[in-house]
Number of protein chains: 2
Amino acid sequence: MARATTSTRPPGRPRSGVDATVFAATLNAVHELGYAHATVDRIAAAAGVAKTTIYRRWPSKGALITACLVDAFGPAPLTGASREEIMSTAIRWIAAKIGEPGIGAAFAGVFTDAVNDSALRQILSTQLQDPYRLALEEALDEPENRVLFFIDVVVGTLLHRMGMTGEPMVDADVDALVEMVLRALP
Amino acid sequence: MARATTSTRPPGRPRSGVDATVFAATLNAVHELGYAHATVDRIAAAAGVAKTTIYRRWPSKGALITACLVDAFGPAPLTGASREEIMSTAIRWIAAKIGEPGIGAAFAGVFTDAVNDSALRQILSTQLQDPYRLALEEALDEPENRVLFFIDVVVGTLLHRMGMTGEPMVDADVDALVEMVLRALP
DNA sequence: GGATTACGCTACTTAAGGTATCGATACTAG
DNA sequence: CTAGTATCGATACCTTAAGTAGCGTAATCC
């Protein structure tokens, strides 16, 4: 998510493309070292910025990773002629995203970090989960608890395979996941 | 899993019921404080033992939590007249287990810890995952990749709901999960 | 009673998240 | 071109927590 470029920019030193550089370094570090070993010191060094610069922009490591994910995911493609097609497209889209280097591990790590960090849970909800959940509720015309169930099944399965076990999710498994969920969609 | 009580016990100070006490204190701490804040110092204090005693018995915090889970889960009830009944019983059993206080958070936490800790991943595989996977392959007469898919779906969904989001899994959701998986079982 | 083994205690090392301070730098406004 | 402003880099520091070392002590078997 690019920082808003206000036409009337306040004075002071520039922030130019630092966000993008830090995001790239973050995903790279998480991919190579895992969530725990991807320390803020390493990320800062890899991005060529000072650690203090990172903590000036994001309040915690978890918030940095979350912003990184929001930037990487972008808007969901909830398109399709039927509910089945919308669901199928959405599942394949998120499967591809979680399969990208670092995304799965970052996702799983930030979730675990958030379990007992209410501030981080707040950021995760408002910036990552709620937008997709609400968009899905509208696109599928399903109640909240049904959409939450489907999200838990899809995201949980993908994260357990790719973010935790570390194993890849082959195409056949994605196909099986899509078919299983579609059959549960009345 | 209780320590084997060999008839010919070596001399030295007793180990009596320390394992069980530590396990209870561990699950309690994880339940109340979460995986990260459930420090070994707190667990040791709650169990009434010294921290060094814990590290004499388990090589790391992750290994302690894993042993704790192995002890808590025990053998899986893979009984039933049909493959559907076996699968249904197994899903409801693991859903109930992961819903117990501390189990879900411990499970999710140790998985995330294991992502870049090969020693811990080894312990997890041999002591927790492989036994259940192999038993399921035999009970259901399904190939390894199919069983792995079902495990990822069921455990992933439950962990994402209860171990990460922290939300409870109501009976209706468990029913939906069972029905969905059974329909995918040929 | 003696050997053995685990225990409790204290102190320590190391890694990592996060903070404080301050001089330097790069931008905008006039 | 100067002045004001806000960020940056660097260094030093604090705190928590995992894990280790050493040593005296207590409980068990023979």
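## DNA strand D

Of the DNA strand D atoms within 4 Å of the protein, 64% are sugar or phosphate atoms, and the rest belong to bases. This is a predicted model. Around DNA strand D stand 23 residues. The nearest are A:R13, A:T53, A:R56, A:R57 and B:P14.

Three contacts with phosphate oxygens can be picked out. A:T53 uses its side chain: one of its N or O atoms is 2.6 Å from a phosphate oxygen of DNA strand D. B:V40 uses its backbone, with an N or O atom 3.1 Å from a phosphate oxygen of the strand. B:K61 also places a polar backbone atom 2.9 Å from a phosphate oxygen of DNA strand D. Two elements give two or more residues to the surface near this strand: α3 of chain A and α3 of chain B. Of these, α3(A) gives the most, with four residues. By class, the surface near DNA strand D divides into seven nonpolar, eight polar and eight charged residues.

## DNA strand C

DNA strand C is surrounded by 24 residues. A:K61, B:R13, B:T53, B:R56 and B:R57 are the closest. Among the atoms of DNA strand C within 4 Å of the protein, sugar or phosphate accounts for 64%, and bases for the rest. The surface near DNA strand C holds eight nonpolar, eight polar and eight charged residues.

Some contacts here reach phosphate. In B:R57, a polar side-chain atom lies 2.3 Å from a phosphate oxygen of DNA strand C. In A:K61, a backbone N or O atom lies 2.8 Å from a phosphate oxygen of DNA strand C. Another contact reaches a base. There, a polar side-chain atom of B:T52 is 3.0 Å from a base nitrogen of DNA strand C.

Helix α3 appears again. The α3 helices of chain A and chain B, each spanning 51–57, both supply at least two residues of the surface near DNA strand C. The top contributor is α3(B), with four residues.

## An annotated domain in chain A

The UniProt record, an unreviewed entry, carries the annotation "domain: HTH tetR-type" for residues 16–76 of chain A. In the model, this stretch of chain A is 79% helix and 0% strand. The C-alpha atoms at its ends are 27 Å apart. Residues 51–57 of chain A, which form α3, fall inside the annotated range of 16–76.

## Where the two chains meet

The size of an interface is often given as the accessible area lost when the parts come together. Here, chain B and chain A bury about 2700 Å² between them. Carbon and sulfur atoms carry 63% of that area. Chain B brings 29 residues to the contact, and chain A brings 29 residues.

Two salt bridges cross the interface of chain B and chain A. One of them may be located by its residues: B:R161 pairs with A:D152, with the closest N and O atoms 2.3 Å apart. The count of residue pairs in polar contact between the chains is eight.

Which elements of chain B give two or more residues to the side that touches chain A? They are α1 (18–37), α6 (103–114), α8 (144–164) and α9 (171–184) of chain B. The largest share comes from α8(B), with 12 residues. By class, this side of chain B divides into 15 nonpolar, 10 polar and four charged residues.

Methods
Residues are numbered from 1 along each chain as its sequence is written. Chains are lettered from A and ligands numbered from 1 in the order in which they are written. This is a predicted model: local features need pLDDT of at least 70, side-chain atom pairs count only at pLDDT 80 or more; totals for chains, interfaces and linings use all residues. Side-chain values use heavy atoms; hydrogens and water are left out. A residue is near a molecule or strand if one of its heavy atoms lies within 4 Å of it. A polar contact is a pair of N or O atoms within 3.5 Å; within protein, one must be able to donate a hydrogen and the other to accept it, and residues adjacent in sequence count only if both atoms are side-chain atoms. Ala, Val, Leu, Ile, Met, Phe, Trp, Tyr, Cys and Pro count as nonpolar, Asp, Glu, Lys and Arg as charged, and the others, Gly among them, as polar. UniProt positions are given in the numbering used here, feature names are shortened, and annotations may be inferred rather than shown by experiment. Contact means heavy atoms within 4.5 Å. Buried area is the accessible area (1.4 Å probe) that two parts lose on being put together, summed over both. A salt bridge is a side-chain nitrogen of Lys or Arg within 4 Å of a carboxyl oxygen of Asp or Glu.
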